[in-house]
Structures are given as structure tokens and as C-alpha cells.
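Got the viewer open? Let's walk through this one stop at a time, with something to select at each.

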Amino acid sequence: MRNFFAFLSGGLFGAGLLVAGMVDTKKVQGWLDVFGDWDPTLAFVLTGAVGVMFFVWMVAQRREKSMLGSPMPGAFPRLVDRNLVLGSLLFGAGWGMAGLCPGPAMGSLSFNGWQGWLFIIAMGVGMAIAPRVKDWLSALDRTKLEVPPCENIPEEERALAGNTSRAVAR
């Protein structure tokens, strides 16, 4: 039953993307081109989605179980960290360059030619290497970097900042 509702939800989402024009790369890139030939019509799609989800999240917060009986997930942490910022930047850059994000890209496979398939393959490669890149960046955080002292900052200010040592943990 869960898979049926997942299929139904995905189909409804895909139909919404198709009707809204989100699978048309020219329309998406027109929305992102605010200093050129800007197409503001996707603002209505965004406003509609945010408006609907506002009320859905309000109802979901009051429930302990989903309609199918599964426990409701807890609230997401509101932490803005490096992973969130880097992921958002990469997602936005890819969306701006290709004019597609993952959902519409899947929907456009049947009519977008080889470019759509290339996007899906590149997205899959990115998803496959992302955990390794994340581990590599985390390993960099755990190392200590040698930072030369700042001669032009008075000793009192360095003491206030707590940066009196040459080895600074990142």
C-alpha cells in the first residue's frame, strides 16, 4: 500500500511539474534570468507550492502517525552548516546551468533528447561521489592548520579573540 501511495504521489508531483512548465528548460532559465528576459510566471508555481505546504506542515505537526500508520518524522534541525550551504550552492548552480532540477529532469527524459539523459547520468555520478567528497571535507576539518601570527593585530585583540596559538583547529 505504501508503494502505491508513493507512486501516486510521485505521479501527481510529476503532473504538476509538467502542467506548471517546470520541465521546460527555457521557462526555468527565463525565471532565473532576473537581469535579462525575465519570465516571472514560475513565481505563481512557487507561491502555490509554498502556500499549500504551509498548511500541510501545520496539519502534519499535530499528527503522531501518517495516514498509512507510519510514525511521523521529527522536525528537521534548523542548523545552517557547511553541508547545507555547499549543497544549496551546487544545486542552484546546476539548476541555473541546466535549467532542470532532478524531478523535472526525470519528467523530461521522454522528450528532451540526449541532453536529458546526459543530465541524469551526470546527476547520478554526482550523487555517487558526494559521500566521498563529504568525508574528504570532514577529514580536512579535523586537521590542524598552521596559521602564521598576525603581526599587525595588537596582542590585546588577539587575546580577546582567543587566537593566541599558532595552531588553530578548524
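Start with the whole chain and its contacts. Among contacts with a separation of 6 or more, 40% link residues 24 or more positions apart. Keep in mind that you're looking at a predicted model.

Now colour by secondary structure. You should find seven helices and two strands in the protein chain, and tracing along the sequence gives α-α-α-α-α-α-β-α-β. Switch on a surface next: about 13500 Å² of the protein chain is exposed, with carbon and sulfur atoms supplying 70% of that. As for the inside, 14% of the 170 residues are buried.

**Stop 1: the start of the chain**

Select methionine 1, in the segment before helix 1 (2-20). Is methionine 1 buried or exposed? Its relative accessibility is 69%, so methionine 1 counts as exposed. Add leucine 68 to the selection and draw a C-alpha to C-alpha distance: the two residues sit 67 residues apart along the chain, yet the separation is 8.1 Å.

**Stop 2: helix 2 and what it packs on**

Go to helix 2, residues 25-32, and show helix 4, residues 82-98, alongside. Their axes come within 8 Å and cross at roughly 120°. That angle is why helix 2 is described as oblique to helix 4. To see the contact itself, show side chains for Thr25, Val28, Gln29, Trp31 and Leu32 on helix 2, then pick Trp95, Gly96, Met97 and Ala98 on helix 4. Colour this contact by class and you get six nonpolar residues, three polar ones and no charged ones.

Stay on helix 2 and pick out its buried residues: Thr25, Val28, Gly30 and Trp31. What do they pack against? Bring helix 3 (42-62) into view together with helix 4, since the buried residues of helix 2 pack against both of these helices.

**Stop 3: the annotated segments**

Time to bring in the record. The unreviewed UniProt entry annotates residues 41-60, 80-98 and 114-133 as "transmembrane region". Select 41-60: the chain there is 95% helix and 0% strand, with 29 Å between the end C-alpha atoms. Move on to 80-98, where the chain is 89% helix and 0% strand and the end C-alpha atoms are 26 Å apart.

**Stop 4: over to helix 6**

Finally, select glutamine 115, which lies in helix 6 (residues 113-142). With 42% relative accessibility, glutamine 115 counts as partly exposed. Put a distance line from its C-alpha atom to that of alanine 98: you'll read 9.3 Å in space, for a pair 17 residues apart in sequence. You've met Ala98 already, as one of the helix 4 residues in the contact with helix 2.

Notes. Residues numbered from 1 in each chain as written. Predicted model: local features only at pLDDT ≥ 70, side-chain atom pairs only at ≥ 80, totals over all residues. Heavy atoms only, no water. Axes fitted to C-alpha atoms, helices over the stretch in contact; angles between N-to-C directions. Parallel < 35°, antiparallel > 145°, perpendicular 65-115°, else oblique. Contact = heavy atoms within 4.5 Å. Nonpolar A, V, L, I, M, F, W, Y, C, P; charged D, E, K, R; others polar. UniProt positions renumbered as here; feature names shortened; annotations may be inferred. Buried < 20%, exposed > 50% of the residue type's maximum accessible area, 1.4 Å probe, protein only. Areas by Shrake-Rupley, 256 points an atom, 1.4 Å probe, with all protein chains shown as cover.
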